[in-house]
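User: I would like to go through this model and see how each label placed on it follows from a stated criterion. Could we take the labels in turn, with the reasoning spelled out?

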Amino acid sequence: MRHAVWARRAVTRLATPRVAIGIATFAVVLELADIWVTAQLPPSAHTPLPFAPEDMAGTAFPVFGAILVHSRPRLVIGWLLCLGGASAAANILSANLYQLLDGRPGPRWPVVNLTWNVCELTLGVLLPLLYPVGRLLSRRWRAVVALAVAGQALDWAGLLTGRPELREAGHGTLSASMVLAFASLVVRFRRGDAVERRQLLWLLVALPGLLVPWMLGADVWWVASLAIPLIPAAIAVAVLRYRLFGIDTLISRALVGTGLAIVITLVYVAVSAALSLFLSEVDRIAGIPAALFAGAFFQPMRRGLQRGVDRLLYGSTGVPGTLARRLRHRLQHTDPVHGLLATLDVLREGLSVTGVAVEADGAVTTSGVVGAAARTVPLVWHGEPVGLLLIGPTDRRRFPAAHDERVIATITPYIADAAHAVRLTAALQRSRERILTAREEERRRLRRDLHDGLGQSLTGMAMSINAARLTMHSAPEQADRLLAGLRAGMDAVTGDIRQLVYGLRPPALDELGVAGAIEELAGTPIETSGELTGLPAAVEVAAYRIVQEALTNARKHADASRITVALRRDDRLRVTVADDGIGLPPDARPGVGLGSMRERAAELGGTCAVRAGPGGGTVVHAELPL
């Protein structure tokens, strides 16, 4: 059963393009016949060309329609091109054949009227109503189709009854329906997304070549012959390959060129007229200063027109260099915290999108409304990934820039810098919070140790002194015992004070220096390089604590038999602790000790990494700025 259904679908897919190709072939055959018929007729008084606009439509529309049907068989646009072109071919052949047989020009045969009605309905009404997606904007636009059918009905009534007023009314009604049909393109352009807008612009660029001669009348209708093939070609390109061509760039250049031609012509005429009026005796050379004057204003006018067209199509601007200059200006007048948002505002305006956002370290900075992100661009700062750039869909109020890629490539490095600055600011804030937390925790510990330890011990010693004084004369032996206990208590207090001092800064650092203190801690000689004296106190403590934690982990968890410690100083202090233990397990999770080493290095702006050794074991490597 499935094979039968698949076979029927395959036959349908194959047969559908064949039907379109058959219609196109039939239209071409009709045009070949019309060539022979036209050769038998006297030259036409309405056109200097050897062919009529209907001949071009009857050839170009079916061919491009067959191409569309072959590529998109379910899209009705291709079928409209095929049927409309074939009806145009049949119309011009029947009209010329009637003239050849009857000897008088004019659409006297009903077949002439019928074929022209089909051509008007398909190409003049249905095509603009359904282009480019193959469906109406809404059900209300069905009234336009009904109006066109009513106009054709009036035309037929006038033809069959011989009443020309009915035919004129029918032609007026049909013309109104065609105007409404083309007005639907404007409505669709306003409501459509970026894809539909680019598809519509291809058709709107080609249509004036047909509409302008049609509105000017029969005397210049022949000019449309030269532009008619552009219409189906533009439709085919818009439907199939619109992404490969920058139609907005074409329109921008056309508008700028047209505007320059008009303005320069007006300036030239105005200057020439003024010179002729005030210098009538030298009016023969008036054109020279007029041309110089127009040429002097050429570049300023071109820049002004280009800015106006860019604002019309792309929003505030669509030039990457202009965006970069604006971005630099914004960054110079914005604090680092808000620099990222400033870059996103500039990018959103330059790309004419609804919104852009940057996701870095779990935080999202947004300008506008991103919605479902249409594109994700990685942000890299000097080879380091710093986040993701999310670009939303194109704003419907603007046309997307033709050079989106150049805009993104130009602005992305600035956004990466701003995102990196935000990450540094956030890291600095977190570091400050950790420092404040650690300071307050240290103060709490000192308070607890002083109050609970030293405070209680000193209170007990004071009580022992008072008791010894009272018993000194009456019971010397008891006073001696009290004083001996007091001596032991003082030793304990001394030990507690030494422990507190050691917790603040290891005394060995002051007694032996950082190399000697770490060597004593390791119990074996260490490797040193560079001058290790005169280091900042914070660097000495951080290096000592990192080595202490690394040695503890190696002796307690790694089952190491050999541990090496190396200190090297150049532009920074490099600390390396390597062991030959069992190494890091695959599912190891960083504990308090590893986190403490990294935090001590990060507090100084350095780094601490724990990795597997090249020959086994574990290597702890820290770099501490000086």
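Analyst: Let us start with burial: a residue is called buried under 20% relative accessible area, exposed over 50%, and partly exposed in between. The model is a predicted one, and the values discussed below are computed from it.

User: Why is L482 called partly exposed?

Analyst: The relative accessible area of L482 is 23%, and because the term partly exposed covers what lies between under 20% and over 50%, L482 belongs in that class. The residue sits in helix α17, which covers residues 476-504, and its C-alpha lies 7.5 Å from that of A467, with 15 residues separating the two in sequence.

User: Which class does R434 belong to, and what makes it so?

Analyst: R434 has a relative accessible area of 29%, and because that value is neither under 20% nor over 50%, R434 is likewise described as partly exposed. Its place is in helix α16, residues 404-471.

User: What does R434 touch, leaving aside residues up to four places away in sequence?

Analyst: With those neighbours not counted, R434 touches E599 and A602, where a contact requires heavy atoms within 4.5 Å. For R434 and E599, the C-alpha to C-alpha distance is 8.7 Å, although 165 residues separate them in sequence.

User: How do you know that the length of helix α2 agrees with what is expected?

Analyst: Helix α2 runs over residues 53-71 and has 19 residues, which at 1.5 Å a residue should span 27 Å; its end C-alpha atoms are 27 Å apart, so the two values agree. The buried residues of α2 include P53, E54, D55, F61, L68 and V69.

User: How does the reach of helix α5 compare with the expected value?

Analyst: From its first C-alpha to its last, α5 (residues 142-161) reaches 29 Å over 20 residues, which is close to the 28 Å expected at 1.5 Å a residue.

User: What makes it possible to say that the buried residues of α5 line one face of the helix?

Analyst: The residues in question are V144, A148, G151, Q152, D155 and G158. Seen down the axis of α5, the buried residues fall within an arc of 120°, so they line one face of the helix. R142, L160 and T161, on the other side of α5, are exposed, whereas the buried residues pack against α4 (110-130) and α6 (164-191).

User: What is found on either side of α5 along the chain?

Analyst: The loop between α4 and α5 contains P132, and the peptide bond from Y131 to P132 is cis, with omega near 0°. After α5 comes G162, whose phi is positive, near 75°.

User: Why are β2 and β3 said to stand at the edges of their sheet?

Analyst: The sheet is an open one of 4 strands in the order β2-β1-β4-β3, with antiparallel pairing. β2 (363-368) and β3 (375-381) each have a single partner strand, so one side of each is left without a neighbour in the sheet. Neighbouring strands in this sheet are turned by 20° against each other on average, direction ignored.

User: How do you know that β3 and β4 count as a pair?

Analyst: Two strands pair if DSSP finds at least two bridges between them, and because 7 bridges join β3 to β4 (residues 384-391), the criterion is met, with the two strands running antiparallel. One of the matched positions is L379, whose bridge partner in β4 is G387.

User: What is the strand order in the 5-strand sheet, and which strands are its edges?

Analyst: That open sheet has the order β5-β6-β7-β9-β8, and its pairing is mixed. The edge strands are β5 (527-529) and β8, each of which pairs on one side only.

User: What makes the pairing in that sheet mixed?

Analyst: The mixed label can be followed in two of its pairs. β5 and β6 (residues 563-569) pair in the parallel sense over 3 bridges, with S529 opposite R568, whereas β8 (residues 607-612) and β9 (residues 618-625) pair in the antiparallel sense over 6 bridges, with A612 opposite T618. β8 and β9 form a hairpin with 5 residues between them, and G616 in the turn has a positive phi of about 105°.

Conventions. Residues are numbered from 1 along each chain as its sequence is written. This is a predicted model: local features need pLDDT of at least 70, side-chain atom pairs count only at pLDDT 80 or more; totals for chains, interfaces and linings use all residues. Side-chain values use heavy atoms; hydrogens and water are left out. Axes are lines fitted to C-alpha atoms, for helices over the stretch in contact, and angles run from 0 to 180 degrees between N-to-C directions. Buried means under 20% relative accessible area, exposed over 50%, partly exposed in between (1.4 Å probe, protein chains only). The expected span of a helix is 1.5 Å times one less than its number of residues. The arc is that of the directions from the helix axis to the C-beta atoms.
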